[in-house]
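Q: Got a minute to go through this one with me? I'd like to start with the charged pairs and then move on to how the chains meet.

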Number of protein chains: 2
Amino acid sequence: MSVITIERKVLEKNDQIAERNRRFFKERSIFVLNFVSSPGAGKTSILEKTFQELQGSMNIAVIEGDVQTDLDAQRVARYGVPVVQIVTLGGCHLEANLIQDALKNLDLNGVDALFIENVGNLVCPSNYDLGEAFKVVVLSTTEGDDKPLKYPAMFRNSSILIINKIDLVPYVRCNLSVLRNNALQINPALKVFEISCFTGAGIAEWCDWLRKKDVSGL
Amino acid sequence: MSVITIERKVLEKNDQIAERNRRFFKERSIFVLNFVSSPGAGKTSILEKTFQELQGSMNIAVIEGDVQTDLDAQRVARYGVPVVQIVTLGGCHLEANLIQDALKNLDLNGVDALFIENVGNLVCPSNYDLGEAFKVVVLSTTEGDDKPLKYPAMFRNSSILIINKIDLVPYVRCNLSVLRNNALQINPALKVFEISCFTGAGIAEWCDWLRKKDVSGL
């Protein structure tokens, strides 16, 4: 029995549970996004900005995934958002069964959208369906414009790309149009947002899209 | 047979090959460093700066590990350094047997040091010994000062921490002393360098250490 077979079995099992999660969300009309990125690309900061912008117009719950600590859940909880922290204790990605467990501890009454913040890892989470509507890949300008070519699976399996920290472009070696083109070369259907959590640029446009849930073309 | 058992067997097999690699390097007096970090933390830029600084005083060879593309090997090759690119085709970390294979294609004649640039991933490469003398974890200030607490295994299993992009501290939410303290809380024996590949700050100190290979206390 080869490791590849095991891996395939793990993925098949995961996909079955993910489909169950997806039905669960559909029955409750909850819009679920799975945020994936490298460590420090700004997933939690984007969540914070989004809560501020959507306060009163959209009820959001959060599942936080981290290798260790509940630092992110603490940050999110400050906004009065229902949140469950999953600590993977070394695990490099979230799996559908962990989401299933987390849902038992999350009050989804009146919730419109669920944001899942995956473990900071631009490789492994790409293969694991959690039952989300879409994967949102976040890339910081500080990571460089070549990253979509170097980590193509994540960009191929995501529907939305948020380019974060555009305020830092003058200080780093990152050409925004090269970055955008590299991403669209891997996945021409990507919906791209360019934002800065520091200056607030682009946040309104992103939140406007969230309010409308305009999923045409995705 | 559980997945955990398979994983343990994979690690045991890996460790055996890593020991073989280590003996190979020792017999040839080659100092081997395994560079690990998130995507875009600046591993390749550090290599480039190091080649420039050490030209004429130290002969370095490189093994590049990437999920996809040979962009990094192309960058490194410009410095006339012997380099082999490993493309993992989705694999999230390098393993000792891949290094063993790469060595067959690398001319190590007269080489003093071998730098292995691992796949950009702050989680998975932490468990895999490649036969290196030390793991060097690179963290960019743009990733935030909480990362050692959130990804402890990598900081625990590394001997050297290079904090990169210190020129960006004024523009990002990162307190250098908090970052340093968080890292030393996880691993008090870490040797810490603070550098900027952009301004060149700290590069001389890092290269001075490399020349002396002062491994006391590591």
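Q: Which residue does A:E194 meet in a salt bridge?
A: A:R180, in this predicted model. The two side chains come to 2.6 Å, N to O. A:E194 sits in strand β7 (residues 191-194) of chain A and A:R180 in helix α7 of chain A, so the salt bridge ties together parts that are 14 residues apart in sequence.

Q: Is A:E194 buried or partly exposed?
A: Partly exposed, at 24% relative accessibility. A:R180 is partly exposed too, with a relative accessible area of 28%.

Q: How many salt bridges are there over all chains?
A: The structure holds 24.

Q: And how many between chain A and chain B?
A: The count there is 4. One salt bridge joins the side chains of A:D72 and B:K150, at 2.7 Å, N to O. A:D72 is in helix α3 of chain A and B:K150 in helix α5 (residues 147-150) of chain B, so this pair joins two chains.

Q: Where does A:D72 stand, buried or exposed?
A: Buried, at 0% relative accessibility. Its partner B:K150 is buried as well, with a relative accessible area of 5%.

Q: What about A:K150, which side chain does that one meet?
A: That of B:D66, in a salt bridge at 3.5 Å, N to O. A:K150 also comes up in the buried area. Chain A and chain B bury about 2900 Å² between them, with 64% of it on carbon and sulfur atoms. In chain A, the residues that lose the most area to chain B are A:P39, A:K150 and A:Y171, together 20% of what that side buries.

Q: How many residues are in contact across the two chains?
A: 35 residues of chain A are in contact with 35 of chain B. There are also 7 residue pairs in polar contact between the chains, both residues at pLDDT 80 or more. On chain A, α1 (3-27), α3 (71-77) and α5 (147-150) each supply at least two residues of the side that touches chain B. By class, that side has 19 nonpolar, 8 polar and 8 charged residues.

Q: OK, different topic. Which residues have the most contacts inside the largest nonpolar core?
A: A:F155, A:L161, B:F155 and B:L161, in a core of 46 residues. The elements giving two or more residues to this core are β5 (134-140), α6 (152-156), β6 (160-164) and α7 (176-186) of chain A, along with β5 (134-140), α6 (152-156), β6 (160-164) and α7 (176-186) of chain B.

Q: What is B:F155 in contact with, leaving aside neighbours within four places in sequence?
A: Its contacts include B:L122, B:V137, B:L139, B:L161, B:A183, B:I186 and B:L190. B:K147, B:P148 and B:N187 are among them too.

Q: Where is A:S158 found?
A: In the loop between α6 and β6 of chain A. A:S158 counts as buried because its relative accessible area is 2%, against a cut-off of under 20%.

Q: What does the A:S158 side chain reach?
A: The backbone oxygen of A:M154, at 2.7 Å. Leaving aside neighbours within four places in sequence, A:S158 is in contact with A:V36, A:K135, A:V136, A:V137, A:N187 and A:L190.

Q: Back to charges: which residue does B:K135 meet in a salt bridge?
A: B:E132, at 3.0 Å, N to O. B:K135 is buried at 7% relative accessible area, and B:E132 is buried at 6%. Elsewhere, salt bridges that share partners join A:E19, A:R22 and A:D129 into one network.

Notes
Residues numbered from 1 in each chain as written. Chains lettered and ligands numbered in written order. Predicted model: local features only at pLDDT ≥ 70, side-chain atom pairs only at ≥ 80, totals over all residues. Heavy atoms only, no water. Core = buried A, V, L, I, M, F, W, Y, C linked by side-chain atoms within 4.5 Å. Buried < 20%, exposed > 50% of the residue type's maximum accessible area, 1.4 Å probe, protein only. Helix = DSSP H or I, 4+ residues; strand = E, 2+ residues; numbered from the N terminus. Contact = heavy atoms within 4.5 Å. Buried area = accessible area lost by both parts, 1.4 Å probe. Polar contact = N/O pair within 3.5 Å; in protein donor to acceptor, adjacent residues only side chain to side chain. Nonpolar A, V, L, I, M, F, W, Y, C, P; charged D, E, K, R; others polar.
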